[in-house]
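Biologist: I am new to this one and would love a close look at a single part of it. Could you pick the smallest sensible starting point, walk me through it slowly, and then show me how it fits with what surrounds it?

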Amino acid sequence: MITELGHFAVCLALAVALVQTIVPLIGAHKGWSGWMAVADPAAVTQFLLLGFAFAALMHAFITSDFSVELVVSNSHTLKPLIYKIAGTWGNHEGSLLLWVLILAFFAACASWFGGNLPPSLKARVIGVQGLIGVAFLTFMIFTSNPFERFEIPPMDGRDLNPLLQDPGLAFHPPFLYLGYVGLSITYSFAIAALLEGRVDAAWGRWVRPWTLAAWVSLTIGIGLGSWWAYYELGWGGFWFWDPVENASFMPWLISAALLHSAIVVEKREALKAWTVLLAIIAFGFSLIGTFIVRSGVITSVHAFANDPERGVYILALFAFFVGGALMLYAARAGIMEAKGVFSSVSRESALVLNNVLLAVASFVVFIGTIWPLISELVWGRTVSVGPPFFNAAFTPFVVALAVILPFGAILPWKRAKADRAFASLRVVLFLAVAAGALAFALQSGRSALGPVGLALGLWVILGAIADLWLRSGRGSVLSRLGRLTRLPRADWGKAVAHGGMGVTILAVAAMLSWQSEDIRVAQVNEPFELAGYQITLKQVTEEQGPNYRSTMGWLEVVDGNRRFALNPERRFYPAAGMPTTEAGIDYGFLRDVYVVLGDPQANGAWTVRSYIKPLANWLWGGILLMSFGGLISLTDRRYRVAAGAGREAAKPVAAE
Amino acid sequence: MIRALRPLALILALGLPLAAPLPVFAVQPDEVLKDPLMEKRAREISKDLRCLVCRNESIDESTSDLARDLRLLVRERLVAGDSDGEVIDFIVERFGEYVLLRPLPGGANAILWAAGPVMFVIALGGALVYLRGRRERPKAPGQEALSTEEEDRLAKIMAEDKLS
């Protein structure tokens, strides 16, 4: 019964979404305030209906209702509760329901927190958001209904893909979707502004927190996925340039660009047309991402549920939303006249360069991802584009970005002196280069990647610290420290996020260039050495998990005076008939000890693969810092003081 | 693409579970060459070669039998005295260009390799043109000296002021 109610709620939500699209948009066009006011209750109703539908589906998963087809193919009675819940979105239909739920959630948020928006802009934002909802709800109801029933329910389910039965991956999709779908609201803002015919500083201020929220969610989502790949796939990689990873990376890069250009709109009323275009492209990449994941047109390790027909539908949605937006953009771009003027050396120019680099970097990822498809279609030439291409073509832009970041961050608005900025960063530059040179001297005969990455990472981290310090003004150290605590949160957020990027660069370089590896057939109780660690395979036992069997290795690692045990596992999930590995990892501040258990060999030996991964935790730490920086910035006073938004925008540039 | 899907279709037809990277081992201890330098070269080459029956993995990461065969083949050629380039050519000759994870620069692929740098130059050019337009002019609109008509009007107003 609850399932039917859920199904009914989805159909009702479609009807509400239609109303939410048509009535407010007409109202805003004609200037009828009554019609515009429909937006608020419609958005909230749609969200409540979809929330109910999602809860109904989750209920079916928790109670293992095997009359629901989706539960049968993605759940099992023995599965731990948390993965029964995660099963709700660990499949195509359920994840689509989550997608529309988040879409409606953002429309409802625009209604709840949009009190300071002009009524017509708000009506248009919610209306456009409703239109996206209509498109995805029809897609779900007609091609992938999560509430499909079986006439004769089977006794038990076929289990969730065991790879997804993992805490890292259970929460990876919701965060990623928050990010993907969060970009829909910036898209709606862009379309609404184009319809409205006005893009001003206030618009920049409204659109930025939404972009920030979406970007933070994407960062966390990508980080979780990367962490999962690190400990689950068994060779300690963290990024594979897989099409589906790229699908999440492109919107991340573009939304990072959008974040920065929206600042210029907000503070200086320049870059307006470009910012609106970025908002459209960012959501376009979200749709492409969905298309890549759902269509299976590009082979990927992630293609859990794909179907070409669904792909065609998403492609049509993409053509409609992006094509339509670009036509509107072409017609209206002329109205967005820039006001602020600035010299070639200024914060504005640095942010323009940041946008150029981020946009080109995401373009490189894009063309690399779809190139096999183009090449096959146009020239009939089957090619692969893998990590070696991306490493070569993408990295230079990140390096350039890291080089200019500390400079750009401390340049004043409007007009700056390059030599003064350089003088402020002399110490930072010296320290970073010295550290890189030292690393180069200590490591003999290895690639330059490590030292260069170290220098770059330190340059960005120390640059972020210097940025904060310069903000604290003049005077004694004590009074400057006091002033630091009173800086606007946006300043702190910026420094923390930039520092996080530096930490991430440092960690990536260290992991790629200073890792030690050992592959061997290990005899029980015969210790072996790896980079100063003594590792011994003690025994291998068979264990029984809740819904899997495990072959568990017991290894003892001696690190100087410290001894610890690691338990790498090989699991087999009988319901799905699939094996997985769990690496045994000792997480340390400066390094991870990472061991994987392989196949049994003759006379009781086992293959063991062990790694020492330097600064592995710094990678996750850097990603966390980036998202944390975004969150701090999101709590900045100027976003909380709703009423003052319009007035403050008129003030000269004081805060940043 | 079609070629990429064929092994996939085979796996589906056989009803094998569609696992993502099969979580056992890639490089096996018995494959490792005695000479560490040569082994290092073999690993580097393996990272650039695609496992043909996998979704999107190099033979260095893959656990499939085909990937193992290819890894052994790479090592065999290295031991026989081939240079890195010769080994790769040897493999491409037998398995086609599809095996290369680093696409060849020749032919249409030139577009792929040039795309980033060309786009960067275009974007940078666009940005420079934009910045030039944004530069503070000595006479920004609004701060311009008064036009002759305005001066006349001002003079009139001043004159009227004096009269009253």
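**A close look at chain B and its partner**

Modeller: Happy to! Read along its sequence, chain B follows the pattern α-α-α-α-α-α. That fits its count of elements: chain B has 6 helices and 0 strands. Please keep in mind that this is a predicted model, with an ipTM of 0.84 and a pTM of 0.87.

How confident is the predictor about chain B? Its mean pLDDT is 74, and 71% of the residues of chain B reach 70 or more. The start of the chain deserves some caution, as residues 1-24 of chain B have a pLDDT below 50. Even so, this stretch makes 31 contacts in the model, not counting near neighbours in sequence.

Now for the inside of chain B. Of its 164 residues, 27% count as buried. If you take the contacts in chain B between residues at least 6 apart in sequence, 49% of them join residues at least 24 apart.

Next, let us see where chain B meets its partner. Here 45 residues of chain B are in contact with 52 residues of chain A. On the chain B side, helix H1 (2-13) and helix H5 (109-134) each supply at least two residues. It is H5(B) that gives the most to this side, with 12 residues. Sorted by class, the side of chain B that touches chain A is made up of 29 nonpolar, 6 polar and 10 charged residues. Notice that H1(B), at 2-13, falls in the stretch 1-24 where the pLDDT is below 50, so its part in the contact is best read with that in mind.

What does chain A itself look like? Chain A contains 23 helices and 10 strands. Its C-alpha atoms fill a box of roughly 85 × 75 × 55 Å along the principal axes. A compact globule of 656 residues would have a radius of gyration near 26 Å, and chain A has 26 Å, so the two agree. Of the residues of chain A, 56% count as buried. Among contacts in chain A with a separation of 6 or more, 74% are between residues 24 or more positions apart.

Two helices of chain A make a nice example of packing. H15(A), residues 387-410, and H18(A), residues 449-471, pack at an angle of about 10 degrees, with their axes 9 Å apart. An angle under 35 degrees counts as roughly parallel, and H15(A) and H18(A) are therefore roughly parallel to each other. On the H15(A) side, the residues that meet H18(A) include Val399(A), Ala402(A) and Leu405(A). Their counterparts in H18(A) include Leu456(A), Trp459(A) and Gly463(A). By class, this contact has 11 nonpolar, 1 polar and 1 charged residues.

To finish, here is a single residue to find on your screen. Phe318(A) sits in helix H13 of chain A, residues 308-332. Is Phe318(A) buried or exposed? A buried residue needs 20 or more other C-beta atoms within 10 Å; Phe318(A) has 18 such neighbours, so it counts as partly exposed. Beyond its neighbours within four places in sequence, Phe318(A) is in contact with Gly284(A), Leu287(A), Ile288(A) and Phe291(A). The C-alpha atoms of Phe318(A) and Ser286(A) are separated by 9.4 Å, while the two residues are 32 apart along the chain.

Note on methods
Residues are numbered from 1 along each chain as its sequence is written. Chains are lettered from A and ligands numbered from 1 in the order in which they are written. This is a predicted model: local features need pLDDT of at least 70, side-chain atom pairs count only at pLDDT 80 or more; totals for chains, interfaces and linings use all residues. Two residues are in contact if their C-beta atoms, placed from the backbone, lie within 7 Å. Helices (H or I, at least four residues) and strands (E, at least two) are DSSP runs, numbered from the N terminus. Ala, Val, Leu, Ile, Met, Phe, Trp, Tyr, Cys and Pro count as nonpolar, Asp, Glu, Lys and Arg as charged, and the others, Gly among them, as polar. Axes are lines fitted to C-alpha atoms, for helices over the stretch in contact, and angles run from 0 to 180 degrees between N-to-C directions. Angles under 35 degrees count as roughly parallel, over 145 as roughly antiparallel, 65 to 115 as roughly perpendicular and the rest as oblique. pLDDT is the predictor's confidence in each residue, from 0 to 100. The radius of gyration is taken over C-alpha atoms; the globule rule is 2.2 Å times the number of residues to the power 0.38. A residue is buried if 20 or more other C-beta atoms lie within 10 Å of its own, exposed if 12 or fewer, and partly exposed in between; C-beta atoms are placed from the backbone.
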